[in-house]
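Open the model in your viewer and keep the selection panel at hand. This tour goes stop by stop, with something to select at each one.

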Amino acid sequence: MDISTEAKPEAIELRGRKVVAGRAEGEALVTTETISGWGGINERTGTVIERRHEMRGVSFAGKILVFPGAKGSSGWSAYFHMTRLNGVQPAAMIFTRMTTKIALGAVVTRVPAITELDQDPLSVIETGDWVVVDADAGTVTVTKKSRR
Amino acid sequence: MNLTDHEKAMYDGEHGRAKARAMDLLVRYGEALGAERLVETNNVAGAFNASTPSVQAIAEKGMEHVYSELNLDSDEVVEVPHMVAHTCQLITGIDNDNWELQGVDKSLVDMQRANEKYLGRRGVNMFATCTPYQVGNVPVKGEHCAWMESSAVIYCNSVLGARTNVEGKESTGAAALTGRIPYWGFHITENRRGTHLVELDIDVDDMMDWGLLGYYIGEVIGEEIPVLKGTGRQPDLIKLKHFGAAAASSGGVEMYHIPGITPEADSIEEAFGGRSIKGTFRYGAKERRETYEKLQSSTDKKVDFIMLGCPHNSIDQMALIAHMLENKKIHSDVQLWVHTPRAIKQVAERNGYIDAIREAGGVVMSDTCPAISRRLPAGTKVIATDSAKQAHYLPAITGVQGWFGSVSDCVDAALTGQWNGRV
């Protein structure tokens with residue numbers, strides 16, 4: 001971190017549509033690859049297990065998960081549902097591609113979720129940025145990690 | 001979201017707490033999608049079973065806890081009334097007869113049986129297969145359904161012309177109790193038109209060919225809607241079952257058109273419905289070979305487990321395998337499991353197919369499959385399968401090496417213990 005930076009943290013604001021209500025903040029975990037639920041995550045640890053996935057071995061527990069959306073089996077919602085029951089769900093979801101899997105999955109994970117943002121969250125947000133998701137207001141506020 | 005008077009009454013609890021909680025989930029889900037309303041459905045295929053260790057802690061409190069939490073996403077525990085929609089159970093994790101071979105703990109078997117008893121009386125029909133369309137649930141063209149299981153969804157939309165999105169455990173649980181599902185995606189006519197053209201330069205004939213074509217299309221097309229041109233010979237249920245399962249595994253294909261064969265388009269023009277074609281792919285000998293290579297995740301020619309029947313075998317597939325194994329013995333180092341729906345197993349038993357497979361040393365499994373149960377014979381390192389879907393998932397889920405090939409390649413491997421398949 002550059003301590004000589006005088007400017008206060010500059011936040012970037014994105015606007016989008018509420019998928020699941022609520023407000024959450026935390027560190028971003030960003031992947032440009034879609035995630036499988038059944039067969040793609042370990043629901044006890046919140047870790048991506050899919051072979052060849054760029055996030056393999058990484059846990060999304062407590063993170064603001066920024067990703068294109070869901071892929072794979074219809075067990076998607078059931079597996080993210082289990083992450084909530086096991087306390088390893090993400091803090092919020094920001095995604096770009098709407099499907100029944102991600103919609104139902106976000107609903108039953110019961111975390112703030114937002115989509116249809118006016119800028120591409122996958123290029124604006126980087127892993128480690130501090131992100132505030134206010135789904136009711138339809139806003140995502142990003143403080144770059146270089147400014148934190 | 002706009003609700004009818006009856007839907008509002010259910011939402012407000014006038015028809016009981018279970019329906020109120022079901023409506024609450026459907027409204028939250030519909031609003032998440034951006035749906036404007038719900039649509040009536042009288043055909044639900046879901047996952048209601050309790051057969052995994054993670055469900056056990058909930059099931060011990062009572063089966064209404066399982067349905068409330070896992071099928072309705074409800075913190076309030078509700079009494080579960082009889083289903084209002086025709087409803088069936090898809091594939092489960094436990095074969096009711098062969099659970100010992102699967103290595104399943106008896107307590108899980110007891111839990112599944114208790115759960116089936118609970119659900120059966122409430123109208124959940126225990127098909128216990130990924131292919132409900134093989135055992136009596138054959139929706140008609142235009143019928144609004146709420147189905148899970150990607151290989152069944154693509155068959156329902158494309159081959160039958162019925163309408164469903166890929167639903168989940170919670171949405172099917174709510175749909176079964178209310179007869180409603182969000183009117184979104186594939187329920188809407190305009191969303192069912194083709195987006196991409198796939199031109200075939202080679203004949204696609206046997207089941208393996210259809211599996212390869214499906215796996216290729218899923219990879220290149222993702223979640224779009226392919227229109228196939230030049231498929232040559234008339235495909236049947238077996239081939240389209242494999243094709244769809246493969247396309248839904250490598251990608252997220254939920255609908256396709258084969259003009260003149262599938263019910264919603266007689267011509268290429270009709271398949272696209274006047275829309276412009278977003279992209280064109282050509283499938284020839286090169287693509288076929290590359291796809292075949294992609295599906296092989298093994299280097300070891302010594303095979304110790306053969307998995308046949310994903311999606312679950314039809315009676316004709318059972319007949320073919322029985323014929324190939326007649327008066328033969330599988331290799332002593334190899335285990336062979338053949339999967340078919342329980343209802344078809346009964347016919348196969350009567351026909352003598354089960355005896356032929358058993359006498360050769362094979363096992364006929366129902367209710368489950370290795371990918372769903374995550375259970376393989378102990379010590380399995382290298383598998384061979386005739387299913388592109390199983391070849392895609394099993395190595396990822398269980399860490400084994402996998403070979404993919406034709407039914408005869410797999411039966412040959414069962415008899416010799418060696419993989420000799422080639423494209």
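**Stop 1: the largest pocket**

Select α1 of chain A, then add α3 (53–59), α7 (150–158), α16 (370–373) and α17 (388–398) of chain B; each of these helices supplies at least two residues of the lining of the largest pocket. Bear in mind that this is a predicted model.

Now centre the view. Among the 41 lining residues, Trp38(A), Tyr79(A), Asn49(B), Thr52(B) and Ile372(B) lie nearest the centre of the largest pocket. The space inside the largest pocket comes to about 960 Å³. Colour the lining by residue class: 20 residues are nonpolar, 14 polar and 7 charged.

**Stop 2: the interface between the chains**

Select the residues in contact across the two chains. You should pick up 27 residues of chain A and 34 of chain B. Which residues of chain A lose the most area to chain B? They are Trp38(A), Ser74(A) and Thr100(A), which together account for 25% of what the chain A side buries. Trp38(A) is already on your screen, as one of the residues nearest the pocket centre.

Switch to a surface view. About 2600 Å² is buried between chain A and chain B, with carbon and sulfur atoms giving 56% of that area.

Next, show polar contacts. Between chain A and chain B, 13 residue pairs are in polar contact, counting pairs with both residues at pLDDT 80 or more. On the chain A side, β2 (17–20), α1 (76–85) and α2 (100–109) each supply at least two residues that touch chain B. The largest share, 7 residues, comes from α1(A). Colour the chain A side by class, too: it divides into 12 nonpolar, 9 polar and 6 charged residues.

**Stop 3: Arg84(A) and its partners**

Side chains of opposite charge can pair when their charged atoms come close. Over all chains, the whole structure holds 37 salt bridges. Between chain A and chain B there are 5.

Zoom in on Arg84(A). Which residue of chain B has its closest N and O atoms 2.7 Å apart from those of Arg84(A)? Select Asp73(B), which forms a salt bridge with Arg84(A) at that distance. Asp73(B) sits in the loop between α4 (63–72) and β3 (86–89) of chain B, while Arg84(A) is in helix α1 of chain A, so the pair joins two chains.

Keep Arg84(A) selected and add Glu69(B). Their side chains also meet in a salt bridge, at 3.5 Å from N to O.

How values were computed:
Residues numbered from 1 in each chain as written. Chains lettered and ligands numbered in written order. Predicted model: local features only at pLDDT ≥ 70, side-chain atom pairs only at ≥ 80, totals over all residues. Heavy atoms only, no water. Contact = heavy atoms within 4.5 Å. Buried area = accessible area lost by both parts, 1.4 Å probe. Salt bridge = Lys/Arg side-chain N within 4 Å of Asp/Glu carboxyl O. Polar contact = N/O pair within 3.5 Å; in protein donor to acceptor, adjacent residues only side chain to side chain. Helix = DSSP H or I, 4+ residues; strand = E, 2+ residues; numbered from the N terminus. Nonpolar A, V, L, I, M, F, W, Y, C, P; charged D, E, K, R; others polar. 1 Å grid on protein atoms, 1.4 Å probe; cavity = no way out; pocket = protein on both sides within 12 Å on 5 of 7 lines; lining within 4 Å. Points joined across faces, edges and corners; volume = space filled by probe spheres on them.
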